[in-house]
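Biologist: Please take me through this structure one question at a time, and explain each term when you first use it.

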Amino acid sequence: MDFSIKAFDTKNTMASAKTGCVAVAVFENKKLSQAAQALDGAGDITAALKSGDISGKAGSTLLLRGLAGVAAERVLLVGLGNGESIGEKAFTTGVQAAMKAFSTLGAADAIIALPLAEVKERDVNWSIRTVVLAGRDSIYRSDAQKSKKDPAPNGVRKIALAVPNNAGTKLALAQAIAVANGVQLTKDLGNLSANVCTPTYLAETAKKLGKDYMFNVEVLERKQLEALKMGSFLSVTNGSEQPPKFIVLKHMGGKPKDAPVVLVGKGITFDTGGISIKPGAGMDEMKFDMCGAASVLGTFRAIGEMGLKLNVIGIVAACENMPSGRATKPGDIVTSMNGLTIEVLNTDAEGRLILCDALTYAERFNPAAVIDVATLTGACIVALGHHHSGLFTRNDDAHNALAEEISAAGRATGDTLWRLPIGEEYNEQLKSNFADLANIGSPGGASCTAAAFLENFTRKYPWAHVDIAGTAWKSGAAKGATGRPVPMLTNFLINRT
Ligand code: BES
Ligand code: MN
Ligand code: ZN
């Protein structure tokens with residue numbers, strides 16, 4: 001899908017624009033948006049609205065053809081709510097409805113002339129990003145492994161946004177397209193089956209990104225991980241025939257000496273639970289257990305395309321969690337890279353075992369901040385549902401500020417988070433009789449004890465943990481990866497430049 005900016009003025013009017021379709025807003029109070037007024041020379045739009053053919057409710061649409069005095073072949077009326085003010089939700093719903101309507105048109109191009117600059121508490125850049133992400137979402141197909149591809153339903157392939165053409169809107173559009181490309185990579189990786197999307201596949205993807213965007217990419221193999229004493233990470237790979245990969249990407253867009261932001265992703269390409277094996281029903285969804293890793297790679301694609309002027313390091317710890325005669329057993333004690341010993345009471349709590357070594361490895365970069373992203377706990381879905389990712393930081397002034405910075409990046413992109421606690425009381429739950437700590441906590445607060453476990457390995461830098469178990473993919477009829485939290489992460493990084 002191709003996006004561009006089309007500015008209108010008194011010479012170059014909306015009514016004279018030659019295009020397959022112009023989308024304009026109408027409201028429940030029977031008012032027309034400015035762009036709709038500009039096309040209402042003969043009163044056709046007013047008549048359609050007055051007759052009740054369209055309610056104006058957010059997401060309602062009505063297609064009109066061949067309006068008198070309008071060069072566009074079609075006009076799509078899009079309801080954006082009551083007309084008092086345009087809320088963020090109403091705008092998003094309206095844009096999604098417009099994209100859906102575009103998908104069944106016999107037109108190749110269209111203009112979005114919705115009031116992008118009039119969304120309450122949001123700027124035009126936010127609206128541009130919303131249009132681009134909704135458009136790309138509407139044409140996304142998860143058919144990479146189908147022999148017959150799903151039909152491409154979208155008639156409209158070229159979308160122009162009616163906004164002033166200036167440096168600000170140009171940059172916003174370019175950034176929005178980069179985010180959409182990052183989201184797409186993250187979805188594609190998440191949706192691939194686990195026999196294809198192996199740790200090796202993730203490493204190859206990272207190398208390809210390195211070539212495309214000039215990142216330095218290093219892939220550490222088992223031997224090197226042994227030399228680094230990543231006993232915790234390696235213990236998870238014991239049952240698997242697939243070699244583990246520890247992937248490090250470097251985007252040095254800032255000043256050479258500036259401390260980098262480090263993103264760490266959980267890349268379990270399939271989580272059977274290991275010897276503490278999961279029940280069979282729905283186990284296929286554990287192919288999504290690498291969505292943290294995929295979101296790091298997707299974010300790198302986005303910032304690479306943007307040429308972001310910031311130093312960012314990506315770490316992806318990738319392996320499978322499988323049962324076998326060689327697999328780690330409940331009660332086994334392993335030694336992590338930072339020297340802490342861990343009693344593996346449950347081999348299904350494997351995410352923290354790979355992340356703790358990745359977080360220790362991150363120390364060498366003297367990070368300005370480290371954010372780890374992981375489908376870490378089913379309990380996070382119990383706590384927050386599928387709406388918000390879980391956000392954990394230490395509870396001191398600096399970390400409260402970091403949590404707020406991440407939350408704000410989430411709010412601004414609709415890729416929201418909700419803060420949950422860690423602290424001494426949760427560390428108490430992780431005590432082991434035989435090792436420095438256990439890999440699961442005593443019952444209660446499983447997302448918090450998982451985060452508290454990780455915290456033990458992050459004391460040398462500012463750190464936040466994002467649990468995306470509920471937000472990284474959808475189950476049911478619309479099963480598939482969402483691409484979250486690429487919009488939040490990218491926005492966080494942009495805001496740091
Ligand atoms: N990958 C899972 C977490 C998960 C489960 C994400 C379901 C999304 C949906 C993780 O490795 C895991 O198995 N966690 C266990 C931890 C428990 C053993 C303490 C869980 O959440 O049940
Ligand atoms: Mn698990
Ligand atoms: Zn897992």
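**Backbone and binding site**

Biologist: In which loop does Pro485 have its place?

Modeller: The place of Pro485 is between two elements, helices (H or I, at least four residues) and strands (E, at least two) being DSSP runs numbered from the N terminus, and its loop joins strand 19 (480-481) and helix 15 (486-495). This is a predicted model, where local features need pLDDT of at least 70, side-chain atom pairs count only at pLDDT 80 or more, and totals for chains, interfaces and linings use all residues, while side-chain values use heavy atoms and leave out hydrogens and water. Residues are numbered from 1 along each chain as its sequence is written, with chains lettered from A and ligands numbered from 1 in the order in which they are written. The loop asked for is therefore the one between strand 19 and helix 15.

Biologist: Is the peptide bond from Arg484 to Pro485 cis or trans?

Modeller: Most peptide bonds are trans. From Arg484 to Pro485, however, omega is near 0 degrees, and the bond is cis.

Biologist: What is phi of Met214 near?

Modeller: Met214 is placed in the loop between helix 6 (199-213) and strand 7 (216-220). Most residues other than glycine have a negative phi. Met214 is not glycine, yet its phi is positive, near 60 degrees.

Biologist: How far from an oxygen atom of ligand 1 does a polar side-chain atom of Lys278 lie?

Modeller: Lys278 is among the residues that come nearest to ligand 1, together with Asp289, Asp348, Glu350 and Gly378, out of 17 residues around the ligand (each with a heavy atom within 4 Å of it). A polar contact here is a pair of N or O atoms within 3.5 Å, and an N or O atom in the side chain of Lys266 is 3.2 Å from an oxygen atom of ligand 1. For Lys278, the distance from a polar side-chain atom to an oxygen atom of the ligand is 2.8 Å.

Biologist: Which elements give two or more residues to the shell around ligand 1?

Modeller: Asp289, with a polar side-chain atom 2.9 Å from a nitrogen atom of ligand 1, is found in the loop between strand 9 and helix 9 (291-306). Two or more residues of the shell come from each of strand 9 (261-271) and helix 11 (378-384).

Biologist: Why can Asp271, Asp348 and Glu350 be said to gather at one spot?

Modeller: An unreviewed UniProt entry annotates Asp271, Asp348 and Glu350 as "binding site"; its positions are given in the numbering used here, feature names are shortened, and annotations may be inferred rather than shown by experiment. Although these residues span 80 residues in sequence, they gather at one spot because no two of their C-alpha atoms are further apart than 8.4 Å.

Biologist: How far apart are the end C-alpha atoms of residues 346-353?

Modeller: The unreviewed UniProt entry gives residues 346-353 the annotation "domain: Cytosol aminopeptidase". Over this stretch the chain is 38% helix and 0% strand, and the distance between its end C-alpha atoms is 11 Å.

Note on methods: A polar contact is a pair of N or O atoms within 3.5 Å; within protein, one must be able to donate a hydrogen and the other to accept it, and residues adjacent in sequence count only if both atoms are side-chain atoms.
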